[in-house]
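Student: I have a protein model open in front of me, and I would like to learn how to read it. Could you take me through some of its features?

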Amino acid sequence: WEPGTLDGGDVLKVGDTVYVGRGGRTNAAGVQQLRAAFEPLGARVVAVPVSKVLHLKTAVTALPDGTVIGHIPKMDAPSLFARFLPVPEESGAHVVLLGGDKLLMAASAPKTAELFSDLGYEPVVVDISEFEKLEGCVTCLSVRLRELYV
């Protein structure tokens, strides 16, 4: 519905909570429409201000245990996340869950990879330096597929 706008890069689902970045691509009406659709299904929708990056998921993603990770200088309101872990590198805030304890992440975040290893995760690092020059990250370069059983 107009004038609501919602960008997929502004939506991060963690358990039964849906964090929605409110900024340049997702507006208040878009957040309200998402809230109206999901809260009756039992989800909690939390609006998160986004002014320092293009999308919410440019600043944060989540570990398999539901802990939201982010690089503080790129975030507006880390306190809005129930469980939050700051990471030392900007590109360390982007992980794609590969299953089990494996995390796909950029090679440009070695300190964050070490932090994740210390937490019991297995970082799978890839060199995406050419994409990073244009603000690309592993999350926006990945398409996750789930096996469907019929």
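Student: Let me begin with E8 and E9. In which sense do they pair, and over how many bridges?

Tutor: The general idea comes first: strands of a sheet pair through backbone hydrogen bonds, and the pairing is either parallel or antiparallel. In this predicted model, E8 and E9 are paired in the parallel sense, with five bridges between them. Have a look at lysine 102, which stands opposite glutamate 122 in E9.

Student: And how does strand E7 run relative to E8?

Tutor: E7 (residues 96-99) and E8 (residues 102-106) run antiparallel, and three bridges join them. To find one of the partners, start from valine 96 and go across to leucine 104 in E8.

Student: What do E7 and E8 form, and how many residues lie between them?

Tutor: They form a hairpin, with two residues between the strands. Glycine 100 sits in the turn and has a positive phi of about 60°.

Student: Now for the whole sheet. What is the strand order?

Tutor: The order is E7-E8-E9, in an open sheet of three strands with mixed pairing. E7 and E9 (122-126) stand at the edges with a single partner strand each, so each has one side without a neighbour in the sheet. Neighbouring strands here are turned against each other by 35° on average, with direction ignored.

Student: Where do side chains point in a strand?

Tutor: In a regular strand, the side chains alternate between the two faces of the sheet.

Student: Next, histidine 94. Is histidine 94 buried or exposed?

Tutor: To decide, use the cut-off for buried, which is under 20% relative accessible area. Histidine 94 has a relative accessible area of 7%, so it counts as buried. You will find histidine 94 in the loop between strand E6 (84-86) and E7. Its side chain reaches the backbone oxygen of threonine 58 at 2.6 Å.

Student: Let me ask about empty space too. How many cavities of 30 Å³ or more does a search of the whole structure find?

Tutor: The search finds one. The largest cavity holds about 60 Å³ of space. Strand E3 (44-49) and helix H2 (56-59) are the elements that give two or more residues to its lining.

Student: Which residues line the largest cavity, and what classes do they belong to?

Tutor: Among them are Val48, Pro49, Leu56, Ala59, Met75 and Phe81. By class, the lining has ten nonpolar, no polar and two charged residues. Lys74 and Asp76 also belong to the lining, and both of these residue types count as charged.

Notes. Residues numbered from 1 in each chain as written. Predicted model: local features only at pLDDT ≥ 70, side-chain atom pairs only at ≥ 80, totals over all residues. Heavy atoms only, no water. Pairing = 2+ DSSP bridges. Helix = DSSP H or I, 4+ residues; strand = E, 2+ residues; numbered from the N terminus. 1 Å grid on protein atoms, 1.4 Å probe; cavity = no way out; pocket = protein on both sides within 12 Å on 5 of 7 lines; lining within 4 Å. Points joined across faces, edges and corners; volume = space filled by probe spheres on them. Axes fitted to C-alpha atoms, helices over the stretch in contact; angles between N-to-C directions. Buried < 20%, exposed > 50% of the residue type's maximum accessible area, 1.4 Å probe, protein only. Polar contact = N/O pair within 3.5 Å; in protein donor to acceptor, adjacent residues only side chain to side chain.
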